[in-house]
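Subject: Structure handover and findings

Hello,

I am passing the structure below over to you. My notes on it follow.

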Amino acid sequence: MKDRNAPVRDKSGFFKVGIIVLAAAIIVMAVMLFMPGDTEPVRPAEESVSTETESTGGNKDKWAEGVVTYNGKNYKYNTSVKTYLFMGIDREGPVTKVGPDENGGQADVLFLLVVDGKSESMKVIAINRNTMAQIDLYDDEGKHLGTGMGQICLQHAYGDGMGQSCRRTVTAVSRLFEGIPISGYIAMNLDGIRPMNHSVGGVTVTIEEDYTTGDGAYTFRAGEERKLTDDEAYVFIRSRDTGSFASADARLKRETLYMNAFLTQFRDAMRKSVGKAASLFKAVESYTVASIDAVSLAEKIYDYAYTDEDMLTPEGETVMDAEGVFEEFHPDPEAMKALIFDVFYVEAE
C-alpha cells in the first residue's frame, strides 16, 4: 500500500521551485494578533473519520496540568498564553480543496505565535520546514498508514489542501513541541504576498547582506535602506541559490528581517486605525484557510510588547540524509526542551 501521493521531499531545503511564503506567514500573524483570547485548542485530527469539520473542538488539554521539574526547578504550564500556528503553503492561486490522491501542498513556512495575555507580550517561533518529525502518513485513498519520520513541511501535503491539511499539521507541530496546545491556525497560499506587501504601502528594510537573484534582475546591497515594491518583496523572501547547500539559511535571515519590519509598520498603522487588521485580511482572504475568525481586538493587544529578540528559532543542525539526497534539520533535544520551558512554562510557587 503506497503513501498518499508520496509528497516529494525537497533536496535543497525548500520546495524545488524555491517557493517560500514568509509573507503569507506575516499576514497570518498580523491577523492572529486580533483573535479572541478564549479560542479553544484545535482538536487533533481524527484520521479515522473521512469527513472533518472546521470547528476547533473542545478537548481539554491534560498537558497543561501539574508541576514538572526541569534543571532542578519546578515549573507549571503558563495558562495565560495562547498559541497559534500559521503556515505559508507552496500552492498558487486561491485556496481549493484537493482529492485524497492529490498533493495538498507543502507548508514551506511554519511559525508559532505565542501571545501572553497576562504580561501583554508576544513571541514568535520560526520552525525550519525541514525539521525531522513524526508525521502521519496516508495512502492514495486517504487511509491512515501510521506515523513516520519526515520533513515536517510534508504533513500539510497529506491532506485536502484546506482544513484537513491544516489540522494534521497542527497535530504534527504540537507533537514536535511535546504536546503544547495550539488554539488556532491560518494558512495562506503564496499569491497573497503581493497584496499583503501592498496593504502597508511597501515594507522598508535595511539590507543586511548583499544578494542578487540568479537571473540578475534584482540586486540588494548590504546597508541599503529600501522600501520594497510588491514584486521586490516577493523576490526578497522567496528566491535563493538552489545549488548551494543550506542556502535556505541566508533566506531565513531575509525572512525574519522582513517579518520584523512588517510588524513594526503594521503596528504603527494600527495605532492610527484599528480597522487596519480587517482591511489587511480582506486583501488576502481568498488565499487563506482558517480555523478561527479574525476580529478587531486591536484596542486590547495591538501594542503588546514585541522586539526582534522575541523571534526565536530552535537550535539544531542541517545535514544531508543517509543517501546524500535530501536536507534534514535535526533539532537539538536539550535546546528544544529549554525553549519549550522558556516560552510555555513559568516557575511554580
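Which side chain does Lys73 meet in a salt bridge? The partner is Glu347, with an N to O distance of 3.8 Å. Lys73 belongs to strand E2 (residues 73-77) and Glu347 to strand E17 (residues 345-347), so this pair ties together parts that are 274 residues apart in sequence. Lys73 is partly exposed, at a relative accessible area of 41%, and Glu347 is partly exposed too, at 47%. Please keep in mind that the model is predicted.

Salt bridges

The count of salt bridges comes to ten. Besides the pair above, these are worth listing.

- Arg129 and Asp108: their side chains meet at 2.8 Å, N to O. Arg129 sits in the loop between E5 and strand E6 (132-138), and Asp108 sits in strand E4, so the bridge ties together parts that are 21 residues apart in sequence. Arg129 is buried, with a relative accessible area of 1%, and Asp108 is buried as well, with 2%.
- Asp303 and Arg271: their side chains meet at 2.5 Å, N to O. Asp303 is in the loop between helix H7 (298-301) and E14, while Arg271 is in helix H5 (residues 248-272), so the parts tied together here are 32 residues apart in sequence. Asp303 is partly exposed, with a relative accessible area of 44%; Arg271 is partly exposed, with 42%.
- Glu224, Arg226 and Glu232: salt bridges link these residues in a network.

Strand E5 and its neighbours

Is strand E5 enclosed or open? Five of the seven residues of E5 (residues 121-127) are buried, so the strand is largely enclosed by the rest of the structure. E5 pairs with two strands named here. With E4 (residues 107-116) it runs antiparallel, joined by seven bridges, and in this pairing Val114 stands opposite Lys123. E4 and E5 form a hairpin with four residues between them. Glu120, in the turn, has a positive phi of about 50 degrees. With strand E14 (residues 311-312), E5 runs parallel, and two bridges join them. There Ile125 of E5 stands opposite Leu312.

Nonpolar cores

In soluble globular proteins, nonpolar side chains tend to be buried together. In this model the largest nonpolar core has 35 residues. Those with the most contacts inside this core are Met87, Leu112, Ile125, Ile127, Phe177 and Phe344. Two or more residues each come from E2, strand E3 (81-89), E4, E5, H2, strand E8 (184-189) and helix H8 (333-344). H8 gives the largest share, six residues. Another core, of 27 residues, lies apart from this one, and its members include Val200, Val205, Tyr234 and Val235.

Ile125 therefore appears twice in these notes: opposite Leu312 in the parallel pairing, and among the residues with the most contacts in the largest core, a set made up of buried nonpolar residues.

A polar contact at helix H2

Gln164 is found in helix H2 (residues 163-176). What does its side chain reach? It reaches the backbone nitrogen of Asp160, at 3.1 Å. Gln164 is buried, with a relative accessible area of 15%. H2 is also one of the elements that give two or more residues to the largest core.

Regards

How values were computed
Residues numbered from 1 in each chain as written. Predicted model: local features only at pLDDT ≥ 70, side-chain atom pairs only at ≥ 80, totals over all residues. Heavy atoms only, no water. Buried < 20%, exposed > 50% of the residue type's maximum accessible area, 1.4 Å probe, protein only. Pairing = 2+ DSSP bridges. Salt bridge = Lys/Arg side-chain N within 4 Å of Asp/Glu carboxyl O. Polar contact = N/O pair within 3.5 Å; in protein donor to acceptor, adjacent residues only side chain to side chain. Core = buried A, V, L, I, M, F, W, Y, C linked by side-chain atoms within 4.5 Å.
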